[in-house]
Amino acid sequence: MGAASVRVLGAFICALICVNQLGVWALTPDKDSTAADHSTTPPPWRFYTRGSQRYNTAESGRSASAPTISPQLHNEIKELMTSLHDRVGILATLDEDQRHRLEVIDKKLDQMVEANTGRMESLKVQQLNFQQRLDSFEHIQRLTRHTLDELKDLSRHPRETPQQYQHQQQQQLPLGTARAVQQNVADIFSNQSVGPAMKFNITDLDVNSRLDALATFLVSLAYNVQDTRMGVNRLIKDTNNIKRRLIHRGKGQNARLPQTSAVLPSADETATSCLQWDLAVKGIIKLQLTPESEPFYVPCDNEGWTVILNRSSDDVSFQRGWLDYKEGFGNLAGDFFIGLDKLHALTSSVLHELRIELEDFDGNVAHAGYDAFAISGERELYSLQLLGQFITELQPSAGDSLSYQAGAKFSTFDSDNDNCLECSCAQRHKAAGWFNSCATSNLFGIYHQQNPNEAGETGIFWDTFQGKETSLRRVKLLIRPVGQDEARR
């Protein structure tokens, strides 16, 4: 029994005692009148109570009259009982509200403990992978140092023949190590041709000169490969442009393309991001992040941006539950959300940046950007685990209204995962999203086409752009892999 219940029971007992005392006071004769009666006549009657029976001790020839309560006193007792009843009801209601709040707090604490447990397990796995990578790096470092020591020995003895150096090392090292060094020395001193008339001769060049020549050759080869790749991309781009022009010109004439030997992307070919926009058809591209993953379609924007959210009308309702936001919904050619599973797959495959385009009903346009963006998986409730620095160079700037929600878990009206202990941010804003306690932006809110300036916190708002009370006309969220300037060119 809680403290409030104890207080209710105590108040009820006190009320019963007060009523009993009032009844006894009402039934007790007045002292002055009793004295006056004694002076003139003997007491008319005397009684006492045993259970519900009353025994008369007056004279046998006289009958005692029953005591009565005045109407005024009866009304006062009735009002007192009504007031006590109301107070008991209020205390019971408060006790029920307190119990409900405690249950909500316990539930959120259990969710936090479960989420922290999963996060700790994930950190342990990452720590194990990091340790394995560190061990691998240390092993590579040891091998590199050993190879450098061998090269230094070779540079100190440039006039020794390979057979003499191998014989000397075999005398100093164990059998297995001597065989490995023998193979390395044989590779170093091998007379392989690099060009048409270019051979390394041990009598002409020392080891350092050969290493410099090899480095120069590798750098030149890398530049040639890069130039060749860029040339192939330009050729593919030009060929696709010619193909589109011929298709538009040949409509109604059954025009066909001439046969070409250029490498063109096939219809079944899939891309890994919108940077490969040549594979897009009417702005829609088919992505397959890994050979084992399921392909899916996404809309692409200019300069390799992938659209993950688009809102420009009230055709699609965004007041949806957890499963809808998990899988995604809407029309890729109109209003839609890509889905949390696909968004996690995209942002976990490679580091992405985030761009946000906003427009109000007066035609004012603003932009916001962050140099890094990623969300976790369903086990961590799709939390906004990575949100980089706000990009101030974008103009006109909408301001930063998302950093407050960095690290928050995704919430819907049927899955409350926010950090507000006494409320549900998804129900408060009638939306879904990454809520802290609660939010400075609500891009999944209700689309208010009528009276957008009076929408309140249930509309589509960005606090640093037109405030929380104004609902926006158009919102678009885009992501793009970071550091892909060369690939875009």
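Start by selecting F329: at 8% relative accessibility this residue counts as buried, where buried means under 20% relative accessible area, exposed over 50% and partly exposed in between, with a 1.4 Å probe and protein chains only. Before you go on, note that this is a predicted model, in which local features need pLDDT of at least 70 and side-chain atom pairs count only at pLDDT 80 or more, while totals for chains, interfaces and linings use all residues. Residues are numbered from 1 along each chain as its sequence is written, and side-chain values use heavy atoms, with hydrogens and water left out.

Keep F329 on screen and add R320, which lies over the face of F329, at 4.4 Å from the ring centre. The criterion for a charge over a ring is NZ of Lys or CZ of Arg within 6 Å of the ring centre and within 35 degrees of the ring normal. For another such contact, pick R311, found over the face of F318 at 3.9 Å from the ring centre.

Now for the aromatic rings. The whole structure holds 15 aromatic pairs; rings of Phe, Tyr and Trp (its six-membered ring) pair if their centres lie within 6.5 Å, with planes under 30 degrees apart counted as stacked, over 60 as edge-to-face and the rest as tilted. Select W322 and F410: their ring centres are 6.4 Å apart and their planes at 65 degrees, so this pair is edge-to-face. The two residues come from distant parts of the chain, 88 residues apart, with W322 in helix α7 (residues 322-327) and F410 in strand β13 (residues 410-411). Helices (H or I, at least four residues) and strands (E, at least two) are DSSP runs, numbered from the N terminus. Both W322 and F410 are buried.

Next, show Y325 beside F329: this pair is edge-to-face too, 5.1 Å centre to centre with 85 degrees between the planes. Y325 is buried, with a relative accessible area of 0%. To see the wider picture, select F318, W322, Y325, F329, F337, Y382, F410, W434 and F444, which ring pairs link into a cluster.

Switch to cartoon view for the sheet. Look for an open sheet of 7 strands in the order β8-β9-β7-β17-β10-β11-β12, with antiparallel pairing; two strands pair if DSSP finds at least two bridges between them. Its edge strands, β8 (329-330) and β12 (386-387), each pair on one side only. Zoom in on β11 (residues 365-374), which pairs with β12 in the antiparallel sense over 2 bridges. There, A374 stands opposite L386 in β12.

Finish at M112, in helix α3 (residues 71-156). At 44% relative accessibility, M112 counts as partly exposed.
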